[in-house]
Amino acid sequence: MRESKDILAGLIGLVLVFIGWWYAFSFTPVDAQQGAVYRIIYIHVPAAASALGLCSLGLLVTSIWGLLKPSEKILQASRSWVEVGLIFTTITLLTGSIWGKSTWGTWWTWDARLTTTFLLAILLLAYLLLYNSLRQGKQRIRICSVLGILICVDVPIIYKSVSWWRTLHQPSSIIEQGGRTMDPAMYNALLLNIFLIAIFSTLLWMIRFKNLRLHDQMTQDSFEGVS
Amino acid sequence: MDYVDPIKNASFYIYLSYGLSGFLFCAVLTWLAVCRINILAFRKALEK
């Protein structure tokens with residue numbers, strides 16, 4: 001039981017996410033132009049914030065750390081951020097695609113914001129492929145750390161894509177010059193959901209990281225048993 | 001006058017988004033829990 005406390009915390013985190021959704025559905029008005037479908041924002045934006053903010057920052061810090069002080073432990077921390085980041089990038093793409101179908105009339109278009117986010121998902125997948133294809137050791141840590149830093153370069157490009165290029169995707173409406181354009185009730189619900197998804201992402205990362213550590217430890221123990 | 005949503009089938013798109021996300025979250029958490037159970041069971045077996 002002592003070893004599985006984080007799983008229980010993850011379950012509580014998931015329940016909190018569902019409560020956040022319930023709050024957003026119950027206490028926010030419908031949008032004047034989009035009607036109820038705008039409510040996809042309460043999963044789309046928090047998932048994007050988690051993937052582009054929290055997971056990318058985690059990946060950047062652990063990758064730099066991995067380059068400076070290479071260790072298997074820090075590489076596993078990086079890998080865990082990549083996996084959690086991939087989950088949330090996938091959710092961002094899926095919910096964005098559904099939102100796009102309802103408002104733009106198409107599931108997908110090679111728009112700058114969509115393309116750069118898709119590129120992020122591909123790069124995260126590439127990281128996992130690279131991690132699994134290389135032999136354990138310092139070289140793998142260095143190569144994966146360099147790729148981790150390169151992946152993070154895509155994040156500011158995604159963020160600025162709506163202002164650098166002419167896109168179908170709407171411009172920033174949360175952090176922008178000249179004040180917010182959102183209704184306070186919608187804004188508060190969005191902030192709450194961003195916060196809850198960030199907690200849930202951190203818990204997922206913790207569980208995955210611990211799983212990798214335990215697996216590593218177990219593999220070492222079994223080899224010691226054989227030799 | 002009753003409220004008419006400007007987007008046709010809006011609730012379908014909303015349920016699809018939240019349904020997929022909720023399902024993915026549950027699936028990931030279940031997978032992590034199953035992995036943990038397996039690792040702990042294997043470790044216990046090694047200790048014996």
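**Core.** I looked up the largest nonpolar core in this predicted model. The core holds 61 residues, and A:I40 and A:Y127 touch the most other members. I then checked which helices feed the core. Each of these supplies at least two residues: α1, α2 (41-68), α3 (72-103), α4 (112-133), α5 (138-164) and α6 (184-226) of chain A, together with α1 of chain B.

**A:I40.** I listed the contacts of A:I40, leaving aside neighbours within four places in sequence. In chain A, I found A:T95, A:I98 and A:W99. In chain B, I found B:Y13, B:I14 and B:S17.

**α4(A).** I turned to the helix that holds A:Y127. A:Y127 is among the buried residues of α4(A). The others are A:R113, A:L114, A:T116, A:T117, A:L120, A:L123, A:L124 and A:Y131. Their cover includes α3 and α5 of chain A. I also checked the helix length. At 1.5 Å a residue, the 22 residues of α4(A) should span 32 Å, and the end C-alpha atoms are 31 Å apart, which agrees.

**Chain contact.** I looked at where the chains meet. Chain A gives 34 residues to the contact and chain B gives 25. By class, the chain B side has 19 nonpolar, three polar and three charged residues.

**Helix pair.** I took α1(A) (residues 5-26) against α1(B) (residues 10-47). Their axes lie 10 Å apart, at an angle of about 175°. An angle over 145 counts as roughly antiparallel, so α1(A) is roughly antiparallel to α1(B). From α1(A) I noted A:I7, A:G10, A:L11, A:L14, A:V17 and A:W21. They meet B:Y18, B:F25, B:L29, B:L32, B:A33 and B:R36 in α1(B). This contact has ten nonpolar residues, one polar and one charged.

How values were computed. Residues are numbered from 1 along each chain as its sequence is written. Chains are lettered from A and ligands numbered from 1 in the order in which they are written. This is a predicted model: local features need pLDDT of at least 70, side-chain atom pairs count only at pLDDT 80 or more; totals for chains, interfaces and linings use all residues. Axes are lines fitted to C-alpha atoms, for helices over the stretch in contact, and angles run from 0 to 180 degrees between N-to-C directions. Helices (H or I, at least four residues) and strands (E, at least two) are DSSP runs, numbered from the N terminus. Angles under 35 degrees count as roughly parallel, over 145 as roughly antiparallel, 65 to 115 as roughly perpendicular and the rest as oblique. Two residues are in contact if their C-beta atoms, placed from the backbone, lie within 7 Å. Ala, Val, Leu, Ile, Met, Phe, Trp, Tyr, Cys and Pro count as nonpolar, Asp, Glu, Lys and Arg as charged, and the others, Gly among them, as polar. A nonpolar core is a set of buried Ala, Val, Leu, Ile, Met, Phe, Trp, Tyr and Cys residues joined through C-beta atoms within 7 Å. A residue is buried if 20 or more other C-beta atoms lie within 10 Å of its own, exposed if 12 or fewer, and partly exposed in between; C-beta atoms are placed from the backbone. The expected span of a helix is 1.5 Å times one less than its number of residues.
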